[in-house]
Amino acid sequence: MGVAQRGRRWLVPVTAVAVVAGVGALGPVVADASPDLPGITAQDLLAKVQTAKVDGLSGTVTSSTDLGLPALPGMAPEADQFLDLLTGDHTARVAFAGPDKARVSVLDDMAERVLTTDGKTAWVYDSSRREAAKITLPARPAKPEVAPEKETYDPQAAAKKFLAAIDPSTKVEVSGTESVAGRDAYKLRLIPRTDKTTVGSVTLAVDSKTWIPLQVTVMPRTGKDPAVQLGFSSVSFDVPAASTFAFTPPKGVKVTEKTVPAAPDKKVTPRATPKKGTPTKPERSGRDHPTVIGQGWDSVVMVRGQVPAGNGPLDQLLAKAPTVQGSWGSGRVLTTKMVSALITDDGRVFIGLVTPDTLQAAAAKAPR
């Protein structure tokens with residue numbers, strides 16, 4: 001398997017969880033004494049966050065993640081690396097400029113993984129493997145292939161996931177101030193009023209000058225420790241130089257090349273906004289394309305594809321999982337303090353930051 005595929009293998013699963021959970025997996029964010037800032041209403045602060053925009057930024061992003069995933073002894077090295085990204089503390093150096101320029105360097109104990117793009121060419125480099133992939137991007141992409149990685153390590157992108165969940169079932173309040181990465185910030189707190197989600201609250205530390213989210217803290221409905229804390233430990237809002245997004249592979253590194261085809265020209269017909277609880281249809285064909293059931297905090301993602309059978313750690317975990325059944329069929333349900341998953345016998349997988357009962361209710365509404 002080429003380095004481009006292997007590189008995406010540790011990107012895509014984390015991104016998938018980010019889409020579901022609204023955050024990526026990245027150490028504790030430095031916070032100082034509460035600064036004295038002018039008062040602001042929750043409505044005004046929310047409006048400023050939703051319209052905030054900067055031309056570029058750079059800094060160090062750290063995170064602490066505990067989704068309640070169980071330990072799986074005997075996990076293959078690559079799968080173990082994936083679980084490591086969803087637990088514990090992680091640090092990355094990031095730089096963004098506009099919609100098409102991004103650089104993320106994930107720092108491990110003895111290695112570094114780099115993903116960078118200047119809008120025309122993307123590089124994926126893994127120092128532990130001594131391999132790199134050079135990806136030529138189309139002039140007219142539907143979405144840059146490396147874009148999900150930017151969302152995974154960008155607190156602003158993570159915050160937007162949660163802001164999109166705001167509806168009448170969300171209480172929004174300003175819960176104080178704090179200092180993050182040496183900058184004064186307001187704390188905007190989102191509290192789900194529904195008991196169908198495992199999320200207790202989400203707090204965004206919003207920069208008092210740029211109105212950009214500097215930190216995202218997700219608290220579970222049960223427990224006192226954050227499930228995820230993602231944010232800057234240092235940040236600059238100066239636009240990074242163009243050279244920041246260039247990459248030259250070190251000597252001796254194996255390089256593979258790939259070209260991403262351009263998106264076809266086609267007219268897009270606007271779709272009506274679905275009613276709450278109505279499954280959204282896939283935007284393209286394919287049994288493995290996700291379908292979203294519900295909206296806001298109750299959202300559940302369904303993917304099709306039989307879970308491989310065998311004697312691996314996942315099979316051991318599924319063997320211990322409770323069996324459930326309903327009008328949707330039968331299957332097994334896995335639960336953690338944040339994530340719930342339903343694996344049906346007919347090859348569908350439902351996952352969300354919701355209760356097991358909510359998963360089964362979504363399964364009953366989902367297409368076969």
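Of the 368 residues in the protein chain, 46% are buried, where buried means under 20% relative accessible area, exposed means over 50%, and partly exposed covers the range in between (1.4 Å probe, protein chains only). The model is predicted, so local features are reported at pLDDT of at least 70 and side-chain atom pairs at pLDDT 80 or more, whereas totals for chains, interfaces and linings use all residues. Residues are numbered from 1 along each chain as its sequence is written, and side-chain values use heavy atoms, with hydrogens and water left out. The chain exposes about 18,500 Å², an area computed by the Shrake-Rupley method with a 1.4 Å probe. Carbon and sulfur atoms supply 53% of this exposed area.

The secondary structure amounts to seven helices and 19 strands. These elements are DSSP runs numbered from the N terminus, with helices (H or I) of at least four residues and strands (E) of at least two. Helix 5 spans residues 155-163 and is largely enclosed by the rest of the structure, because seven of its nine residues are buried. The buried positions are P155, Q156, A157, A158, A159, F162 and L163. The N-terminal end of helix 5 is capped by D154, which places a side-chain oxygen 3.0 Å from the backbone nitrogen of Q156.

Strands of a sheet pair through backbone hydrogen bonds, in either a parallel or an antiparallel manner. Six strands form an open sheet in the order 14-15-19-18-17-16, and the pairing is antiparallel; two strands are taken to pair if DSSP finds at least two bridges between them. Strand 14 (291-293) and strand 16 are the edge strands, each pairing on one side only. From one strand to the next, the twist averages 30 degrees, with axes taken as lines fitted to C-alpha atoms and angles running from 0 to 180 degrees between N-to-C directions. At the strand 16 edge, strand 16 (residues 323-326) and strand 17 (residues 329-335) run antiparallel and are joined by four bridges. Q325 has S330 of strand 17 as its bridge partner. Two residues lie between strand 16 and strand 17, and the two strands form a hairpin.

Side chains of opposite charge can pair when their charged atoms come close. Eight salt bridges are present in the structure, each defined as a side-chain nitrogen of Lys or Arg within 4 Å of a carboxyl oxygen of Asp or Glu. One of them joins E112 to R93, with the closest N and O atoms 3.1 Å apart. This pair links distant parts of the chain, since E112 belongs to strand 5 (residues 112-117) and R93 to strand 3 (residues 87-97), 19 residues apart. E112 counts as partly exposed at 22% relative accessibility, and R93 is also partly exposed, at 43%.

K101 and D100 form another salt bridge, with a closest N to O separation of 3.7 Å. K101 is partly exposed, with a relative accessible area of 28%, and D100 is likewise partly exposed, at 34%.

A further salt bridge connects the side chains of R183 and D207 at 2.6 Å, N to O. R183 in strand 9 (residues 183-192) and D207 in strand 10 (residues 199-207) are 24 residues apart, and the pair links distant parts of the chain. R183 is partly exposed at 22%, whereas D207 is buried at 1%. In addition, K171, E173 and R189 are joined into one network by salt bridges that share partners.

Key
Polar contact = N/O pair within 3.5 Å; in protein donor to acceptor, adjacent residues only side chain to side chain.
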